[in-house]
Structure formats: structure tokens, C-alpha cells
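Here's a quick tour of how some helices and strands are arranged, and of what surrounds the ligand. Have the structure open and follow along.

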Amino acid sequence: MEPMMMRSITEKIRSGIRLEAADGIYLYEAGDLLTIGELAREKKLQKSGRHVFFNVNCHINLTNICVSRCNFCAFGVDKEGEGGPYLMTPEQVFEYGAKAAGHGITEFHIVSAMHPDMPFDYYLEVIKKFNQAFPDIHIQAFTAVEIFYFSQISGLSIREVLSALKEAGLGSMPGGGAEILNDKLRRQLCPKKAMSDEWLEVHKTAHELGIKTNCTMLFGHIESYKDRIEHMIRLRDLQDSAPGFQSFIPLPFLPENTKMANIKRTSAVDDLKTIAISRLMLDNIDHIKAFWIMLGLPVAQIALDFGADDIDGTVIEERIMHAAGAETQKGITKDEIVALIKESGYIPTERDTIYNILATF
Ligand code: SF4
């Protein structure tokens, strides 16, 4: 017989009543995967019908030289150390992006490490150059931790940094750098970068300025289920007060090549439960993304039946996750994504960055 707590959670979900922290923790600890998946699928169908979204984008990582050196990161390196430090000049960035622009992309996706010497103007110039040359291609760039860092190195406020980037052509922001919104854990994982309130403050300010953003959660390291649920609730609260998150992207921690390589990679069950529980907890965020680069294509495909309605992009280049041992290929074609979504019984739907539908297949 179904336990009482599960029955009460099911009733809440089906009547549109918001789940509380205790409900989310219960789902993680005692809920069975298929029941949670079924409930999440119902919610996904209410939100976006049978559409599964993807976009065609080009990822650009400007540098891997980073002052932060987070313990979970396999991408950031010291300026003069191992790991192949690199820094692209604005001209190299532009040349790289211009090549991709000829391949039908609708988005430049630019994120980076926190370089010790480059001034804020360097980042502004990159955005300006792309915006001037390709005004029709949306620029999604810089996580909240980068924005916070730009504010520190430039002496400008967060609002001034975001306004300058918007003026230069920034269209929206990605959701990275959230990791887990708990300062006790952040002090162990990434003590040198924006803390929880600072990360949230950047997104709040972006939303107030009309800049849409995404949000993420890095899970499967030193956090508990309670920490995950509290993280989701902090995002949900911000979305209530200053809406602007378009999608939530749960990212499993990939331990390989990091200082935390002793931790075991999350299981497929944990990945799928996290996708489904996030769909159920985050009732005010429209889209849950199964980021195939981190999940791997097989789990990402199954995630479409567990509440995810977006599979991200046909990423052309990606260095950050692959530095951490993501075993996925670095890009897949549009045909491959379309086939994968169709095989799951959903409608492959190409979108732009802000979820306008461009085509269905
Ligand atoms: S996660 Fe980002 S801030 Fe941290 S070391 Fe890696 S690149 Fe730098």
C-alpha cells in the first residue's frame, strides 16, 4: 500500500498545491522513482505539452585561467601551471564564433573562468563585437559568479555591470555558478567566489533589468538531500519575488580530474530523481533541462519521461564539462537531437534562447 506521506504529496501535486521542503526530502529518501517520474511527467505535460525543446548554439569558453580554483572544477587552471592555460584574444573569439555563425546557430553561449588580469572591458568588447557583426544571433553570456567578479575588478555595482553588458548586446544569462546555495558548503567547495546571497542578488538584479536567466544546481558531491531541496526553494522564492528564470538545469558532479576525484559519480537513478523532483518543487519555473553533456545522451533521453522538457543545444564546442571527464561527444547534430526526441514520443521543437518556437519536426 502506498505510504500516507506519498499519498498526501500526490494529492498536493494533482491539486496544484505547492510542495514544502519536507515533501521534497521525503521524495528523495523514500519515494519510488517511477511514481515520482509519473507525477513529474504530468506536470511537464501541463507546462509544455508534448514539446521537447532544443536550440542550436555555439559554446565559447574565453579562458581557463582562474583565480577561484574551485575544488569541484576540472576546467580552471593557474596562469603558469599544468592543464594547458589559454586565453583567447577578442579577435580569436570573434574568428571562432564567426565560423560557427555560418552553421545556423541562433545563440552564442559564452562563459569563462575568472582571469586574474583581464579587465571588464575585455568582456564588453567580446559582446560588442558579436552583437555588431551578428545582431540576429542571441548572446547568452556570463554566469552570476562572473558578473560578481566583474563588479569586483571594475569597481562598478552589479547593476552597472549588467546594464553595460546589456547595452553592449547581452541578451540573457546562463545559470551556472549556483553550485549549491549553502555558504557552509560553498566555503568547502568554492571559497573564493560569489556566496549564495551574492549569486541570488545578481540574478535578481538581472531580472529587474529585463535580462532573462537560467539557474542550475550542482549535485552529487558533499551536499545532502536537504541541501538540494533548500537550494530549489531559494530559487523558487527568488522567482516569486523577481521572476526571470526560464529553466532549471540540474548538473551531476563529474569528479574526474578534480580535487574531489575520490567521490563517486551519481547514479542514473539519482540523476532521474533529481530531474523529476525539481519539476515537482519548482512550480514557478517553466522548463527543466536535461543537459545531455553532463547526463550523457541515454539518461538525458530517459529524463524526457521524468519531467524534463528541454535537452539544451546542438553544442558546437564545449570545454568545461569535458575537462571533468564528460564522456559525451562535444557536439551532436540537429538530426541526431530530432531523432532522439522523436524516439521518446515527443515533438522535437527548435527554440531560440528565450523559448520562442522556431520550428517543430
Ligand atoms: S568553476 Fe568556474 S570559477 Fe570555479 S575554478 Fe572552475 S572556472 Fe573557475
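## A helix over the sheet

Let's start with helix H15 (residues 334–343), which lies across E1, E9 and strand E10 (347–351). Relative to E10, H15 runs at about 140°. Keep in mind as you look around that this is a predicted model.

## The sheet underneath

What is the strand order of the open sheet, and how is it paired? Four strands make it up, in the order E9-E1-E10-E11, and the pairing is mixed. Strand E9 (310–313) and strand E11 (357–360) are the edge strands, each pairing on one side only. On average, and ignoring direction, neighbouring strands of this sheet are turned by 30° against each other.

For a look at one pairing, take strand E1 (residues 51–55) and E9: they run parallel and are joined by two bridges. Asn-55 stands opposite Gly-313 in E9.

## H2 against H10

Two packed helices are described by the angle between their axes and the distance between the axes. For helix H2 (residues 21–30) and helix H10 (residues 225–241), the angle is about 135° and the axes are 9 Å apart. H2 and H10 are therefore oblique to each other, and H2 passes H10 in a right-handed crossing.

Who touches whom? On the H2 side you'll find Ala-21, Gly-24, Ile-25, Tyr-28 and Glu-29, which meet Tyr-225, Lys-226, Ile-229, Glu-230, Met-232 and Ile-233 in H10. Sorted by class, the contact of H2 with H10 has seven nonpolar, one polar and three charged residues.

## H4 against H5

Next up are helix H4 (residues 90–101) and helix H5 (residues 120–133), whose axes come within 10 Å and cross at roughly 35°. H4 passes H5 in a right-handed crossing.

H4 brings Pro-90, Val-93, Phe-94, Gly-97 and Ala-98 to the contact, while H5 supplies Tyr-122, Glu-125, Val-126, Lys-129, Phe-130 and Ala-133. The class split for the contact of H4 with H5 is eight nonpolar, one polar and two charged residues.

## Around the ligand

Which residues are around the ligand? Cysteines there are Cys-66, Cys-70, Cys-73 and Cys-190. They are joined by Ser-68, Arg-69, Phe-75, Gly-76, Ala-113, Met-114, Val-145 and Lys-193.

By class, the shell around the ligand comes to eight nonpolar, two polar and two charged residues. Ser-68 and Gly-76 count as the polar ones, and Arg-69 and Lys-193 as the charged ones.

Notes. Residues are numbered from 1 along each chain as its sequence is written. This is a predicted model: local features need pLDDT of at least 70, side-chain atom pairs count only at pLDDT 80 or more; totals for chains, interfaces and linings use all residues. A residue is near a molecule or strand if its C-beta atom, placed from the backbone, lies within 6 Å of it. Axes are lines fitted to C-alpha atoms, for helices over the stretch in contact, and angles run from 0 to 180 degrees between N-to-C directions. Angles under 35 degrees count as roughly parallel, over 145 as roughly antiparallel, 65 to 115 as roughly perpendicular and the rest as oblique. A crossing is left-handed if the near helix is turned anticlockwise from the far one by less than a right angle, and right-handed if clockwise. Two residues are in contact if their C-beta atoms, placed from the backbone, lie within 7 Å. Two strands pair if DSSP finds at least two bridges between them.
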